[in-house]
Amino acid sequence: MLRQIKPRNARSKRALEKRAPKPVENPKTALFLRGTSCSQITQDALTDLYALRRTHAKRFQKKNPIHPFEDASSLAFFSEKNDCSLLLFGSSNKKRPHTITFVRTFDYKILDMLEFYLDGETFRSLSQFKTEKVPVGTRPLMVFAGTAFESPVPNAFTMAKSMLLDFFRGEISDKIDVEGLRYCVVVTADEPTSSEVATDDPASKPVLRLRVYNIRTKRSGQRLPRVELEEHGPRMDFRLGRMQEPDEAMLKEAMRKAKTTEERTKKNISTDIMGDKIGRIHMGKLDLSELQTRKMKGLKRERDQRDGDDEEETVVGEEQPKQKKKVKA
């Protein structure tokens, strides 16, 4: 039998209810960690990513001797302890400098992992852009440009797209305030060449460029305003490294949707915006030969055609009634 924890007081009961599965899950909380060796560039990149997701994020400054692809048990422990399903681990060494590892968990177990190798020469932090900063908790628009993201076969780029969407998504809502669309995140992937596809060296793979822009609306003299983009920061260029694909059984369980208690909508019955019920009726196949059309002169049959039809209906050998001769008066 599964171990069930009984709450001792009201506070622990609320905490367990918060962690319990729901039809609409809570926004994912991201946990930022650093390894024993972490360069200043990697720390600045983690600081900027934390600033973009401050409302649903936690950050630890202590060094942790963790190697995600060798032993990820410590990351699973941090995930369960802090109730975080998304982790960003920063590390740096001679072979893999300026590395940010994205980790996703399900049921406090490691689901998948992907390494992002940051280019230290082209990196620009958030403080280097002297522009107006977006308010905390604002959800961005997401743009993914590049054929690598549309691959029908799952690969590192499709996983990177899924992880970045989970990172910037925030709270899910059906209502959108246009005034709240203050910035957008644009992720561009270079077009791969034949030589880049053949090799497995991360230094030869296509570059992933992450840019953040402020959205400015100005007067255009028309009904629709003129939209301009102003770079907000940070500016990051990545190359994708090692990846750990999710287990099929765990991924199937993670993608499963809970059954809701909502009443099912009846077939062919809908309600309009005024609250009126509208029904759709399906009728049988119509016999167009019995369709009554308008009696027009052009639709009448010719006389010779009508006489020919009458001759075909007569029976051979049958005496026809004699017609009376007309007598002139």
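Let's start with a pairing in the sheet: strand E8 (residues 208-218) and E10 run antiparallel and are joined by 3 bridges. One of the residue pairs here is arginine 209 with its bridge partner in E10, aspartate 237. Keep in mind that this is a predicted model.

E10 has another neighbour too. Strand E5 (residues 109-118) pairs with E10 (residues 236-244) in the antiparallel sense, over 5 bridges. In that pairing, leucine 114 has methionine 243 in E10 as its bridge partner. Leucine 114 turns up again on the E4 side, where phenylalanine 102 stands opposite leucine 114 in E5.

That brings us to E4. Antiparallel strands E4 and E5 are joined by 8 bridges, and strand E3 (residues 86-91) pairs with E4, also in the antiparallel sense, over 6 bridges. Glycine 90 is the residue opposite isoleucine 100 in E4. How many residues of E4 are buried? The count is 7 of its 8 residues, so to speak of E4 as mostly covered is fair. The hairpin of E4 and E5 has 2 residues between the strands, and aspartate 107 in that hairpin takes a positive phi near 55 degrees.

Zooming out for a moment, the chain has 7 helices and 12 strands. Buried residues make up 30% of its 329 residues. Of the contacts in the chain with a separation of 6 or more, 68% are between residues 24 or more positions apart. The chain exposes about 25,100 Å², with carbon and sulfur atoms supplying 52% of it.

**Aromatic rings**

Searching the whole structure turns up 10 aromatic pairs. One of them is phenylalanine 32 with phenylalanine 167, an edge-to-face pair at 6.2 Å centre to centre, with 75 degrees between the planes. This pair links distant parts of the chain: phenylalanine 32 is in strand E1 (residues 30-35) and phenylalanine 167 in helix H4 (residues 156-169), 135 residues apart. Both phenylalanine 32 and phenylalanine 167 are buried.

Why is the pair of phenylalanine 102 and phenylalanine 167 edge-to-face? The ring centres are 6.1 Å apart and the planes of phenylalanine 102 and phenylalanine 167 stand at 75 degrees, so the pair fits that description, which asks for planes over 60 degrees apart. Phenylalanine 102 lies in strand E4 (residues 99-106) and phenylalanine 167 in helix H4, so this pair ties together parts 65 residues apart in sequence. Phenylalanine 102 has a relative accessible area of 4% and is therefore buried, and phenylalanine 167 is buried as well, at 1%.

These rings belong to a wider group: Phe32, Tyr50, Phe102, Phe116, Phe167, Phe168 and Phe238 form one aromatic cluster. A charged residue joins in as well, since arginine 53 lies over the face of phenylalanine 167, at 5.5 Å from the ring centre.

**Cysteines**

How many disulfides does the structure hold? The number is 0. Cysteine 84 is buried, with a relative accessible area of 1%, and cysteine 184 is buried at 6%.

**Loops and backbone oddities**

Some loop residues deserve a look. Here is where three of them sit and how covered they are.

| Residue | Loop | Relative accessibility |
|---|---|---|
| Histidine 98 | between E3 and E4 | 18%, buried |
| Aspartate 190 | between strand E7 (183-189) and helix H5 (194-198) | 25%, partly exposed |
| Asparagine 268 | between helix H6 (248-254) and strand E11 (269-271) | 33%, partly exposed |

Histidine 98 has a positive phi of about 55 degrees although it is not a glycine. At 18%, histidine 98 counts as buried because the cut-off is under 20%. Asparagine 268 is another non-glycine residue with a positive phi, near 65 degrees.

Aspartate 190 has some partners from further along the chain. Leaving aside residues up to four places away in sequence, aspartate 190 touches Pro206, Val207 and Arg209. Arg209 is the arginine whose bridge partner in E10 is aspartate 237. The C-alpha atoms of aspartate 190 and alanine 145 are separated by 8.8 Å, with their positions 45 residues apart along the chain.

Finally, a cis peptide bond joins glycine 233 and proline 234, with omega about 0 degrees. Where is proline 234? Proline 234 lies in the loop between strand E9 (226-231) and E10, which takes us back to the strand we began with.

How values were computed:
Residues are numbered from 1 along each chain as its sequence is written. This is a predicted model: local features need pLDDT of at least 70, side-chain atom pairs count only at pLDDT 80 or more; totals for chains, interfaces and linings use all residues. Side-chain values use heavy atoms; hydrogens and water are left out. Two strands pair if DSSP finds at least two bridges between them. Helices (H or I, at least four residues) and strands (E, at least two) are DSSP runs, numbered from the N terminus. A disulfide is a pair of cysteine sulfur atoms within 2.5 Å. Buried means under 20% relative accessible area, exposed over 50%, partly exposed in between (1.4 Å probe, protein chains only). Rings of Phe, Tyr and Trp (its six-membered ring) pair if their centres lie within 6.5 Å; planes under 30 degrees apart count as stacked, over 60 as edge-to-face and the rest as tilted. A charge sits over a ring if NZ of Lys or CZ of Arg is within 6 Å of the ring centre and within 35 degrees of the ring normal. Contact means heavy atoms within 4.5 Å. Accessible areas come from the Shrake-Rupley method with a 1.4 Å probe; for residues, only the protein chains shown count as cover.
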